[in-house]
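Me: I am new to this structure and would like a close look at a single part of it. Please take it slowly and keep to what the model shows.

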Amino acid sequence: MSDPIFILHQGLLREAPGSDATTLRALTLSGVSGPARIADMGCGPGAATMVTLRALPEAQVIAVDHHAPYLDTLEHRAHAAGLARRLQTRVADMRAPGFANGTLDLILCEGAMYFMGIEAGLRAWRPLLAQGGRAVFSEVVWIKRTVPEEARLFWMEYPEMTNRDGVRRRVEAAGWRVIDDFVQPKEDWEVYLGPLGARADALRPEADETLRGVLDGARQEVELFERHSDAYAYAVFVVEPA
Ligand SMILES: C[S@@+](CC[C@H](N)C(=O)[O-])C[C@H]1O[C@@H](n2cnc3c(N)ncnc32)[C@H](O)[C@@H]1O
């Protein structure tokens with residue numbers, strides 16, 4: 001594993017702002033229950049997958065990611081928790097994850113929709129849903145009308161970033177409707193950025209120049225949030241085909 005990004009992220013159990021409480025709230029709003037078939041797209045090391053397996057004791061979860069080591073981590077976590085029987089992992093591109101049409105009751109996607117774009121993602125996933133199926137995704141959004149310059153410059157790496165209304169419009173443009181949405185609490189960032197910052201600091205003394213560049217980026221992300229957490233947030237959207 002020589003990619004400096006993966007060196008930084010190795011061992012982290014959450015790869016985006018989130019929390020068990022937020023996933024639980026989203027699952028409740030989605031109305032999913034019983035022996036549902038649920039895909040966790042861009043699952044990473046599986047924080048949301050684990051919450052889902054625990055919260056829905058009859059559900060099957062298929063966790064999809066194109067980075068196989070994350071899925072190994074998730075499998076270990078599920079085995080250790082006695083939940084592996086209802087988990088499948090799939091190394092795949094979530095843009096074409098290989099599910100038969102009409103076979104998923106819920107698609108979860110925490111902090112990974114931006115890799116596909118909201119409209120493209122929802123259009124690609126719509127055929128996969130069974131009758132009455134829904135999707136839940138989280139997305140970084142502006143929550144302040146006037147964006148501080150420093151935050152705007154940092155987030156230029158994601159030029160599509162918009163506010164909650166902007167996300168709602170994209171959902172509708174894709175032929176879906178928003179059932180509910182909420183801004184995630186600030187603590188969800190701390191759950192993610194705390195371990196990320198600590199790992200970056202621990203790696204720094206031995207880091208070569210390339211890795212140092214990646215560690216600097218992580219430190220910048222942590223410090224930006226400390227200064228401008230009133231300007232942007234993650235938000236969860238619970239959606240269904242219109
Ligand atoms: C920001 S992380 C979020 C991970 C996880 N959902 C969480 O909240 O901890 C995004 C994840 O999406 C995965 N990913 C990105 N593009 C992907 C693609 N096209 N197909 C499958 N996985 C992808 C990455 O490997 C990574 O695990």
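Which backbone atom lies 2.8 Å from a polar atom of the side chain of serine 138? Please start there, and then describe the surroundings, including the ligand.

Reply: This is a predicted model, and every value below was computed from it. The atom you ask about is the backbone nitrogen of glycine 111, which lies 2.8 Å from a polar atom of the serine 138 side chain. Serine 138 belongs to strand S5, which covers residues 129-142. The relative accessible area of serine 138 is 2%. Buried means under 20%, so serine 138 counts as buried.

Next, the ligand. Glutamate 110 is among the closest residues to the ligand, together with Glu15, Gly42, Asp65 and Met94. In total, 19 residues surround the ligand. By type, this shell divides into eight nonpolar, five polar and six charged residues. The ligand sits in the largest pocket.

Three polar contacts can be followed one by one. At glutamate 110, a backbone N or O atom lies 2.7 Å from a nitrogen atom of the ligand. At glutamate 15, a backbone N or O atom lies 2.7 Å from an oxygen atom of the ligand. At aspartate 93 the side chain takes part: one of its N or O atoms is 2.9 Å from a nitrogen atom of the ligand. Taken alone, the ligand exposes 590 Å², and the protein buries 93% of that.

Now back to strand S5 and what comes before it. Arginine 126 is in the loop between helix H5, residues 118-125, and S5. Its relative accessible area is 34%. Partly exposed covers the range between under 20% and over 50%, so arginine 126 is partly exposed. The C-alpha atoms of arginine 126 and valine 183 are separated by 24 Å, and the two residues are 57 apart along the chain.

Helix H5 itself contains glycine 121. Glycine 121 has 0% relative accessibility and counts as buried. From glycine 121 to glutamate 139 the distance is 12 Å, C-alpha to C-alpha, with their positions 18 residues apart in sequence counted as separation.

Two other places can be set beside these. Leucine 83 is in the loop between helix H4 (68-80) and strand S3 (87-91). Leucine 83 is buried, with a relative accessible area of 13%. Its C-alpha is 8.2 Å from that of methionine 50, although the two are 33 residues apart in sequence.

Aspartate 216 lies in helix H9, residues 209-228. With a relative accessible area of 41%, aspartate 216 is partly exposed. Aspartate 216 and aspartate 181 are 35 residues apart in sequence, and their C-alpha atoms are 33 Å apart in space.

To return to your starting point: the side chain of serine 138 has a polar atom 2.8 Å from the backbone nitrogen of glycine 111, and serine 138 is buried.

Terms used
Residues are numbered from 1 along each chain as its sequence is written. This is a predicted model: local features need pLDDT of at least 70, side-chain atom pairs count only at pLDDT 80 or more; totals for chains, interfaces and linings use all residues. Side-chain values use heavy atoms; hydrogens and water are left out. A residue is near a molecule or strand if one of its heavy atoms lies within 4 Å of it. A polar contact is a pair of N or O atoms within 3.5 Å; within protein, one must be able to donate a hydrogen and the other to accept it, and residues adjacent in sequence count only if both atoms are side-chain atoms. Accessible areas come from the Shrake-Rupley method with a 1.4 Å probe; for residues, only the protein chains shown count as cover. On a 1 Å grid over the protein atoms alone, a cavity is a set of points where a 1.4 Å probe fits but cannot get out, and a pocket is an open set with protein on both sides within 12 Å along at least five of seven lines; lining residues have an atom within 4 Å of a point. A molecule sits in a cavity or pocket if more than half of its atoms lie within 2 Å of its grid points. Ala, Val, Leu, Ile, Met, Phe, Trp, Tyr, Cys and Pro count as nonpolar, Asp, Glu, Lys and Arg as charged, and the others, Gly among them, as polar. Helices (H or I, at least four residues) and strands (E, at least two) are DSSP runs, numbered from the N terminus. Buried means under 20% relative accessible area, exposed over 50%, partly exposed in between (1.4 Å probe, protein chains only).
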